[in-house]
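Please examine the sequence and the three-dimensional structure shown below before reading further. The explanation is intended to be read with both in view.

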Amino acid sequence: MIAVVDYGVGNLASVTNTLGRIGMQSVITSDYKQIQKAEALILPGVGAACEGMKNLSNHNLSGILIDQIRRGKPFLGICLGMQLLFEKNEEGNVQCLGVLKGSVVRYQKERKVPQIGWNRVAIQNSKIKMQNYNSKFKIDQLFNGIPDNSYFYFVNSYYCDPSEKNIIAGTTEYGEEFASVIVYKNIVATQFHPEKSSIVGLQLLRNWSNYYVD
Amino acid sequence: MLTKRIIPCLDMKEGKVVKGIQFETFRDAGDPVELAARYNQEGADELVFLDITATVENRNILLDVVEKTAKKVTIPFSVGGGIRSVEDMRIVLRAGADKVSVNTGSVKNPSIISQCANEFGCQCVVLSLDARRVAPKKWHVFINGGRTDSGISAIDWAKKAVSLGAGEILLTSIDSDGTQNGFDVELTKLVSKRVTVPVIASGGAGSLEDFAKVLTDGCADAALAASLFHFNQLTIREVKQYLYEKNILVREV
């Protein structure tokens with residue numbers, strides 16, 4: 001069972017609907033025990049970082065999420081769920097979960113922000129294989145059956161700027177190049193919405209879940 | 001590089017998809033859930049669902065239809081109609097919408113835009129703006145399903161809504177709606193140049209050239225159409241193929 005963490009923001013139904021389509025059982029929950037018991041966690045999200053962190057705290061979820069991630073539970077962060085993993089978010093200057101080093105910054109170069117729409121993801125295959133040796137997840141497994149430079153759906157004003165560049169598994173260009181996928185140990189996170197990215201998105205979720213969930 | 005988006009729109013009335021002309025004389029266009037599944041399959045970049053009579057009938061949106069439709073799509077799904085509060089928006093997001101559009105409710109109470117943007121992020125809040133030309137180079141915002149002239153300039157309202165936190169503008173020309181005589185390129189360009197968020201052009205799509213024109217000359221980030229797709233006059237694939245040949249960046253299908 002996959003726990004989709006409910007912290008009061010975001011398109012939770014979108015995630016569970018899509019997981020259902022590929023035959024994955026999931027539950028939307030903010031319950032401590034269910035989160036502990038789950039085989040894998042998804043932190044979804046559209047939304048604002050400050051509201052997101054405030055809601056995580058209100059639901060008493062920050063502590064358990066950090067704990068579960070550190071214990072090695074398979075974790076997928078989507079959009080805001082990726083950004084919250086980092087230390088600091090420019091959006092309202094919020095302290096986030098801090099399980100990954102780096103910050104979250106606003107697009108500077110494109111006139112239109114948020115970025116809304118389909119954009120390409122360049123897979124950073126070889127770099128990760130060599131450097132991110134700690135990752136349980138091999139990049140080619142995550143992108144199995146997904147052509148390089150496929151289009152995924154993005155909706156974001158901010159992007160993650162990891163301190164450790166070797167965790168960047170995919171990059172995208174929107175005025176500037178940014179990290180659109182990161183893989184680190186048990187963590188996979190995407191700036192785009194795989195649950196909204198049609199066939200390639202479904203494939204990525206399938207790859208992720210095949211690897212982690214029996 | 002971000003692609004231009006092609007977006008089919010489901011205008012809902014009494015549980016059915018309908019097609020109007022200049023926001024009136026509606027004709028039945030089929031079942032929303034079936035149409036949504038078809039467009040999802042055919043390579044639509046997004047789906048817009050508008051419950052067009054929710055406001056005038058003073059009721060909430062058709063949630064069960066939103067839920068059923070959301071289950072059929074793996075592309076972004078934007079929902080609007082009768083949204084008056086943060087709570088309304090939360091319920092629609094819970095039902096499976098990815099973005100929510102506000103229209104009349106936000107003209108009457110602009111702070112709903114900032115409240116929703118604070119709560120869900122501005123990328124979640126779409127300003128649905130229905131404009132009608134009232135004089136040469138002058139457009140007003142019309143509310144209550146296009147029935148009432150708010151007296152507000154469309155350009156000013158677009159700018160204000162963005163400053164309040166709207167993350168995208170769905171710009172419908174009432175004059176062009178349902179005519180299939182082409183988008184209002186002049187209006188679209190004016191709005192798109194004056195705001196810093198994506199603009200979806202809507203109303204008047206009738207030919208392949210119309211799409212190309214509004215996405216280039218009109219500076220639109222996306223183009224929306226309804227009857228053209230519902231009644232199979234053009235398929236999404238044909239539109240994308242044409243744009244691709246015109247060197248306009250689209251997601252291949």
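The paragraphs that follow lead from the overall form of one chain to its interior, its contact with the other chain, and some individual residues.

The structure is a predicted model. The predictor assigns the complex an ipTM of 0.90 and a pTM of 0.92. For chain B, the mean pLDDT is 92, and 98% of its residues reach 70 or more.

Chain B contains 10 helices and 12 strands. Its radius of gyration is 16 Å, close to the 18 Å that the globule rule gives for 253 residues, so chain B is as compact as a globular protein of that length. The C-alpha trace of chain B spans about 45 × 40 × 40 Å along its principal axes. Of the contacts in chain B with a separation of 6 or more, 67% join residues that are 24 or more positions apart.

The interior may be considered next. Buried residues account for 60% of the 253 residues in chain B. In soluble globular proteins, nonpolar side chains tend to be buried together. The largest nonpolar core in this model has 158 residues. Which residues have the most contacts inside it? They are B:Val100, B:Val125, B:Ile169 and B:Ala223. The surroundings of B:Val100 can be listed: when residues up to four places away in sequence are not counted, B:Val100 touches B:Val79, B:Gly80, B:Ile83, B:Met89, B:Val92, B:Leu93, B:Cys124, B:Val125 and B:Val126. B:Val125 thus appears among the residues that B:Val100 touches, and both belong to the group with the most contacts inside the core.

Attention now turns to the contact between the chains. This contact takes 29 residues from chain B and 31 residues from chain A. On the side of chain B that touches chain A, the elements that give two or more residues are helix 2 (63-72), helix 3 (86-94) and helix 5 (111-120) of chain B. Helix 5 of chain B provides the largest share of that side, 3 residues. By character, the residues on the side of chain B that touches chain A divide into 12 nonpolar, 8 polar and 9 charged.

Helix 2 of chain B deserves a closer look. Its buried residues are B:Val65, B:Val66, B:Thr69, B:Ala70 and B:Lys72. Seen down the axis of helix 2 of chain B, these buried residues fall within an arc of 155°, so they line one face of the helix. An α-helix has 3.6 residues a turn, so residues three or four places apart point the same way. What covers the buried residues of helix 2 of chain B? The covering elements include helix 1 (12-21) of chain A, and, from chain B, strand 1 (5-13), helix 1 (32-42), strand 4 (47-51), strand 5 (77-80) and helix 3.

B:Lys71 also lies in helix 2 of chain B. B:Lys71 is partly exposed, because it has 18 other C-beta atoms within 10 Å, and a buried residue needs 20 or more. Leaving aside neighbours within four places in sequence, B:Lys71 is in contact with A:Asn17 and B:Gly96. The C-alpha atoms of B:Lys71 and B:Thr104 are separated by 28 Å, and the two residues are 33 residues apart along the chain.

B:Pro198 is found in the loop between helix 7 (185-194) and strand 11 (199-202) of chain B. Is this residue buried or exposed? B:Pro198 counts as buried because it has 24 C-beta neighbours inside 10 Å. Residues up to four places away in sequence not being counted, B:Pro198 touches A:Lys112, A:Ile116, B:Glu168, B:Asp221 and B:Ala222. From B:Glu34, B:Pro198 is 164 residues apart in sequence and 28 Å apart in space, C-alpha to C-alpha.

Finally, some features of the backbone of chain A may be noted. The peptide bond from A:Val113 to A:Pro114 is cis, with omega near 5°. A:Pro114 is found in the loop between strand 7 (102-106) and strand 8 (115-123) of chain A. A:Asn149 is not a glycine, although its phi is positive, at about 65°. A:Asn149 lies in the loop between helix 7 (139-142) and strand 9 (150-156) of chain A, and A:Asn149 is exposed, with 11 other C-beta atoms within 10 Å. A:Ser198 has a positive phi near 55° and is likewise a residue other than glycine. A:Ser198 is placed in helix 8 (residues 198-212) of chain A, and A:Ser198 is buried, with 24 other C-beta atoms within 10 Å.

Terms used. Residues are numbered from 1 along each chain as its sequence is written. Chains are lettered from A and ligands numbered from 1 in the order in which they are written. This is a predicted model: local features need pLDDT of at least 70, side-chain atom pairs count only at pLDDT 80 or more; totals for chains, interfaces and linings use all residues. Helices (H or I, at least four residues) and strands (E, at least two) are DSSP runs, numbered from the N terminus. The radius of gyration is taken over C-alpha atoms; the globule rule is 2.2 Å times the number of residues to the power 0.38. A residue is buried if 20 or more other C-beta atoms lie within 10 Å of its own, exposed if 12 or fewer, and partly exposed in between; C-beta atoms are placed from the backbone. Two residues are in contact if their C-beta atoms, placed from the backbone, lie within 7 Å. A nonpolar core is a set of buried Ala, Val, Leu, Ile, Met, Phe, Trp, Tyr and Cys residues joined through C-beta atoms within 7 Å. Ala, Val, Leu, Ile, Met, Phe, Trp, Tyr, Cys and Pro count as nonpolar, Asp, Glu, Lys and Arg as charged, and the others, Gly among them, as polar. The arc is that of the directions from the helix axis to the C-beta atoms. pLDDT is the predictor's confidence in each residue, from 0 to 100.
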